[in-house]
Amino acid sequence: MIFVYFATFAALILSYLFLNRKASTRFSTSKRHWFVAGISLFAVQVSITTPMLFSGVFHDTGAHGMWFVWSKYLIAGMVPFVFAPLWIKLKIKTDNEFAIKRFSGPSAVYLQVFRAIYVGFFICCLVLSFQVLAFIKFLAVISDWDRNSLFTLVGFTAIVLSFFNRLRSNLITEYGQAILLLGLMATLLISIHIEVDLSQSIQQLKESEPETLRLIPSLDLSFLIYILVHAFFIHLFDGGGVESQRFFANRSPKNVWKVAVTSGLLVMLFNFFIYLILIAGKATFPNTTVRDGEMKLIEYLQAFSEPPMMALVVVLFSALFLSSFIGLLNWGASYLSLDIYNRYIQPRGWVRKSTFSQWVLVGISGLSITIAFYAEALDYILKIIFNLTAGVAPVFVLRWFWMRINAWSQISAMVGGLIYSALYFLLLEGSDWETTWRTYFSCSAYSLRIYTLTILTTATWLLVTFLTHKDDPAVLHQFKSEVLADFDPFRSIRNAVLYGGLVIGLFFLLFGLLIHAQ
């Protein structure tokens, strides 16, 4: 199987050389039909990490533990119906330029520079390491290579891709990969159903491990952390991330919701496929040789698939990794190239832009590989990201409408999230204080940490907001007239809530009625 990977790698390198010849950024991507943009968004949202993360959570805590990720469905309509149309009106190259459009004075420049470095390099490396670790785990199951050799292989791949990259995301490539992925998952599910009776597998798990299939546990603080804090204080950003390129590619605020609905339905269907494969695998192979829950899905796929089908799995998983890696690399490098190089380095003529971009890409790739090397589990990296962003999301949402928020509010939120996360890890992780409050609230260590970080970060940016000066009224007036003039908040939020309700309804239809039907 490792030779299939090499063949895939060579073919995709040639594809990227052909497709990524022109420099571009994620806000200036070519205009695409909403259906193409929607399927491309689906490809970005699932990537290789999705099935393996689901596998790990499912085997550790059962179905209800996947609300760790599923909670974002509660606010799925906010970006397409509220924020994406506003972003399109700004007509900017990166979302980091928002700081100059919305805020005033030196603090706006400080925010743009700080966020370009913090998000473009540090956060991007964390997100990329998430992808790298997932792919390493995948290769570890399908090959007999040791961990160090696999990291050398993937590290070499990442560095080479960095040199070939031209800061361009190609939606057509992602569209094709998404179609192939859905076709593969459907084919696998049909073959598994022929070999194993899925209804019998479901019934078998109901009898032997009833908690495994339970979607909603008791509403304690450990579960409410997903519904309350994850959804509204971590996931609810304003759409300035890498996924939003697919919204902006449509170029029409009226069609943005079509992109969201297309991707949302496909993500739901994909999750359902993965869930059924996990159920069939767990019921059929209760005593697998793989101990790591995140890797068990790959073992199930190997057990259920004939060699030709497994070769196709290797090809598509490799393609998903490389596509996600390139897209995320572009995301981080676009901040540093456009917000740092164009504004501060190019005017001084210190280094050519192509050289600067290339070293940035290689640096991000190298650090992401290093972080992945020292991480053991996907949810560990994801929890680090959640720790850093707990309580930060409301600033990004409210800054559009609450004009009292200024650049210092956003800076303090991001810096506070970083400092409080570090201090909690150094001073409170595993301490008597943590043990006492965990016992008092009857919640997990992770829940207590997220609640604590959210409260501290939120209190910090609110305090800074009222202690610092308001922005220049002329800048605020320009922003409101350019972006908010014809904005109907009631209609937008209504549509967002209706879409979120539709997603949750379909979610329980698929995962509740079908899985738990007698």
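Is Y440 buried or exposed? Select Y440 in your viewer and keep it in view while you read, remembering throughout that this is a predicted model. Y440 counts as exposed, because its relative accessibility is 63% and the cut-off for that word is over 50%.

**The whole protein**

Before going further into detail, zoom out and show the whole protein as a cartoon, where you will find 23 helices and zero strands. Buried residues make up 58% of the 518 residues. If you look at contacts between residues at least 6 apart in sequence, 86% of them join residues that are at least 24 apart. Switch to a surface display, and you are looking at about 21500 Å² of exposed area, of which carbon and sulfur atoms supply 67%.

**Helix α14**

Next, select residues 293–304, which form helix α14. The 12 residues of this helix should span 16 Å at 1.5 Å a residue, and its end C-alpha atoms lie 17 Å apart, which agrees. Of these 12 residues, 10 are buried, so α14 is largely enclosed by the rest of the structure. Colour the buried residues to see them, among them G293, M295, Y300 and F304; the charged-letter names E294, K296 and E299 also belong to the buried set. Now add D292, which caps the N-terminal end of α14 by placing a side-chain oxygen 2.9 Å from the backbone nitrogen of E294.

**Aromatic pairs**

The structure holds 30 aromatic pairs. A pair of this kind is described by the distance of the ring centres and the angle of the planes. Begin with F321 and F325, whose ring centres are 5.6 Å apart and whose planes stand at 50°, so the pair is tilted. Both residues lie in helix α15 (residues 307–345), four residues apart, which is about one turn of the helix. F321 is buried, with a relative accessible area of 2%, and F325 also counts as buried, at 0%.

Return now to Y440 and select F441 with it, since these two form an aromatic pair that is edge-to-face, with 5.0 Å from centre to centre and 85° between the planes. While Y440 counts as exposed, F441 is partly exposed, with a relative accessible area of 36%.

For a bigger group of rings, select F83, W87, F98, F103, W400, F401, F479 and F487 together, which form one aromatic cluster.

**Charges over rings**

Two further stops show a side chain placed over a ring. At the one, R147 lies over the face of F373, at 5.4 Å from the ring centre; at the other, K383 lies over the face of Y446, at 4.9 Å from the ring centre.

**The loop at S442 and helix α21**

What is the sign of the phi angle at S442? Most residues other than glycine have a negative phi, but S442 has a positive phi of about 55° although it is not a glycine. You will find S442 in the loop between α20 (432–441) and α21 (445–467), and at 54% relative accessibility S442 counts as exposed.

Finish by following the chain into helix α21, where T452 is found. T452 is buried, with a relative accessible area of 17%, and, if residues up to four places away in sequence are not counted, T452 touches Y424 and W433.

Note on methods
Residues numbered from 1 in each chain as written. Predicted model: local features only at pLDDT ≥ 70, side-chain atom pairs only at ≥ 80, totals over all residues. Heavy atoms only, no water. Helix = DSSP H or I, 4+ residues; strand = E, 2+ residues; numbered from the N terminus. Buried < 20%, exposed > 50% of the residue type's maximum accessible area, 1.4 Å probe, protein only. Expected span 1.5 Å × (residues − 1). Polar contact = N/O pair within 3.5 Å; in protein donor to acceptor, adjacent residues only side chain to side chain. Phe/Tyr/Trp six-rings, centres within 6.5 Å; stacked < 30°, edge-to-face > 60°. Lys NZ or Arg CZ within 6 Å of the ring centre and 35° of its normal. Contact = heavy atoms within 4.5 Å. Areas by Shrake-Rupley, 256 points an atom, 1.4 Å probe, with all protein chains shown as cover.
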